[in-house]
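Student: I would like to take a close look at a single part of this structure. Could you please guide me through the surroundings of one aromatic residue, and then show me how other parts may be read in a similar manner?

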Amino acid sequence: MSDNHVEQVIIIGSGPAGYTAALYAARADLSPLLFTGNEIGGQVAITYEVENYPGFPDGLTGPELVEKFQKQAEKFGARIQYDWVNEVDFSQHPFVVRTANGGEHRAESVIVSTGATHRKLDVPGEKEYTGFGVSYCGTCDGFFFRGKEVIVVGGGDSALEEGIFLTKFAAKVTVVHRREELRASKILQDRAFANPKIEYKWNTVVERINAAGGDGNGTPPKVVSATLRNLKTGEVEDFRTDGVFIFVGHTPNSQLFQGQLAIDEAGYVQTDRRYHASVPGVFAAGEIQDPVFRQVITSAGQGAAAAMQVEKFLGELKAHGYHHAAVEHGLAV
Ligand SMILES: Cc1cc2nc3c(=O)[nH]c(=O)nc-3n(C[C@H](O)[C@H](O)[C@H](O)COP(=O)(O)OP(=O)(O)OC[C@H]3O[C@@H](n4cnc5c(N)ncnc54)[C@H](O)[C@@H]3O)c2cc1C
């Protein structure tokens with residue numbers, strides 16, 4: 001530890017939850033220290049268009065929104081560090097937070113807002129051809145598929161949102177979904193069904209992703225097809241495609257907190273209704289603890305609420321000590 005300085009609040013993660021927590025904590029004069037992680041701005045940073053964040057009737061891009069979040073938090077004194085947290089110790093108070101750059105920080109309170117990451121299909125070819133036709137981000141890679149044919153795997157909001165976006169570039173988008181019905185919201189389904197470039201393969205899974213090239217003679221591999229299996233008929237086909245975009249859900253980024261916080265079977269950090277995690281003084285907000293709503297506005301709202309709780313916790317801590325504050329804030333989970 002470089003000195004005895006103890007932060008009032010450390011925020012882990014720079015998605016909508018983290019930045020909003022930083023804004024609220026900064027405006028409460030807590031001088032928050034936020035670690036961004038590798039995905040600066042979080043998932044929304046890779047989203048082409050955000051149309052459902054209030055206050056922006058014409059919509060805006062994900063990167064634009066994230067930049068505004070950061071600017072607003074910094075304006076009130078939030079300190080943003082481009083670093084990855086690789087260890088926490090919540091068994092002692094003040095808590096200890098260690099980062100990839102070798103930093104060791106102590107804090108009276110912590111807000112966990114490490115969000116979630118894309119779930120994989122775990123089929124042959126997926127890992128090998130990521131970046132060579134396999135993608136988890138239409139916004140990032142759609143441009144490379146102008147006039148091409150692509151598959152979108154999944155049936156939720158992300159799959160349809162990205163599928164619709166991909167029709168701006170691709171000649172044809174085939175949605176491959178393991179069930180007979182989509183999980184996506186009605187408005188997205190209506191838009192997707194009305195889009196003449198989108199076709200569907202129901203009750204179907206991807207078994208393998210196939211590529212040509214990449215045989216060591218200097219040519220990079222290039223996805224050429226996907227092996228699909230119809231779960232109802234058992235029929236297997238080699239489906240020609242130039243790209244496979246995978247949107248089959250998210251896994252909460254909670255590995256860091258194993259053994260430190262209560263985590264449910266699905267990997268979500270458990271909190272009570274006021275965003276207390278299982279250790280008094282540790283709070284969690286956004287998709288790291290929310291398997292249900294998973295939106296920018298809900299994650300941001302949870303970040304704001306967690307920061308307000310931190311303010312309350314720190315007030316009690318200063319006035320009466322950790323034990324009292326812990327009792328007041330220890331009824332989590
Ligand atoms: C393709 C796509 C399109 C979407 N479109 C919309 C939309 O139009 N409207 C909408 O409302 N929502 C949309 N969403 C959902 C929205 O992006 C998420 O609900 C929101 O980003 C969740 O915010 P979060 O802060 O909880 O977590 P995340 O956005 O997941 O951010 C997590 C943060 O934690 C950081 N982190 C993780 N581990 C560590 C660590 N060990 N140390 C430090 N930092 C760490 C990451 O770097 C990242 O900054 C979309 C999502 C996707 C994937």
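Tutor: A residue is called buried if its relative accessible area is under 20%, and exposed if that area is over 50%. Please keep in mind that this is a predicted model. Let us apply the cut-off to Phe-90: its relative accessibility is 5%, and therefore Phe-90 counts as buried. Phe-95 is likewise buried.

The structure contains 12 aromatic pairs. In one of them, the ring centres of Phe-90 and Phe-95 are 5.4 Å apart and the planes stand at 75 degrees, so this pair is edge-to-face. Planes over 60 degrees apart receive that name, whereas planes under 30 degrees apart count as stacked. Phe-90 also pairs with Phe-257: here the centres are 6.3 Å apart and the planes lie at 10 degrees, so the pair is stacked. Where do Phe-90 and Phe-257 lie along the chain? Phe-90 belongs to the loop between strand 4 (85-89) and strand 5 (95-99), while Phe-257 belongs to the loop between strand 16 (250-252) and strand 17 (282-284); the pair therefore ties together parts that are 167 residues apart in sequence. Phe-257 has a relative accessibility of 0%, so Phe-257 counts as buried too.

Aromatic rings appear in other settings as well. Phe-143, Phe-144, Phe-165 and Phe-169 together form one aromatic cluster. A ring may also have a charged partner: the charged end of Arg-27 sits over the ring of Phe-76, at 5.2 Å from its centre. Similarly, Lys-120 lies over the face of Tyr-136, 5.2 Å from the ring centre.

The distinction between buried and exposed is also useful for reading a helix. In helix 5 (residues 186-194), the buried residues are Leu-188, Gln-189 and Ala-192. Viewed down the axis of helix 5, these buried residues fall within an arc of 100 degrees, so they line one face of the helix. They pack against helix 4 (157-166) and strand 11 (198-201). The face turned away from the buried side of helix 5 carries the exposed residues Lys-186, Ile-187 and Ala-194. Ala-194 has a relative accessibility of 62%, and for that reason counts as exposed.

A further buried residue is Ser-14, which is found in the loop between strand 1 (6-12) and helix 1 (16-27). Its relative accessibility is 2%, so Ser-14 counts as buried. The side chain of Ser-14 reaches the backbone oxygen of Thr-36 at 3.0 Å and the backbone oxygen of Glu-39 at 3.5 Å. Beyond its neighbours within four places in sequence, Ser-14 is in contact with several residues, among them Tyr-19, Leu-34, Phe-35 and Ile-40.

Thr-36 and Glu-39 lead us to the ligand. A polar backbone atom of Thr-36 is 2.9 Å from an oxygen atom of the ligand. Glu-39 is one of the closest of the 34 residues that surround the ligand, a group of closest residues that also includes Gln-43, Glu-287, Gln-295 and Val-296. A backbone N or O atom of Ala-17 lies 2.9 Å from a ligand oxygen atom, and a polar backbone atom of Arg-294 is 3.3 Å from an oxygen atom of the ligand.

Key:
Residues numbered from 1 in each chain as written. Predicted model: local features only at pLDDT ≥ 70, side-chain atom pairs only at ≥ 80, totals over all residues. Heavy atoms only, no water. Phe/Tyr/Trp six-rings, centres within 6.5 Å; stacked < 30°, edge-to-face > 60°. Buried < 20%, exposed > 50% of the residue type's maximum accessible area, 1.4 Å probe, protein only. Helix = DSSP H or I, 4+ residues; strand = E, 2+ residues; numbered from the N terminus. Lys NZ or Arg CZ within 6 Å of the ring centre and 35° of its normal. Arc of directions from axis to C-beta. Contact = heavy atoms within 4.5 Å. Near = heavy atom within 4 Å. Polar contact = N/O pair within 3.5 Å; in protein donor to acceptor, adjacent residues only side chain to side chain.
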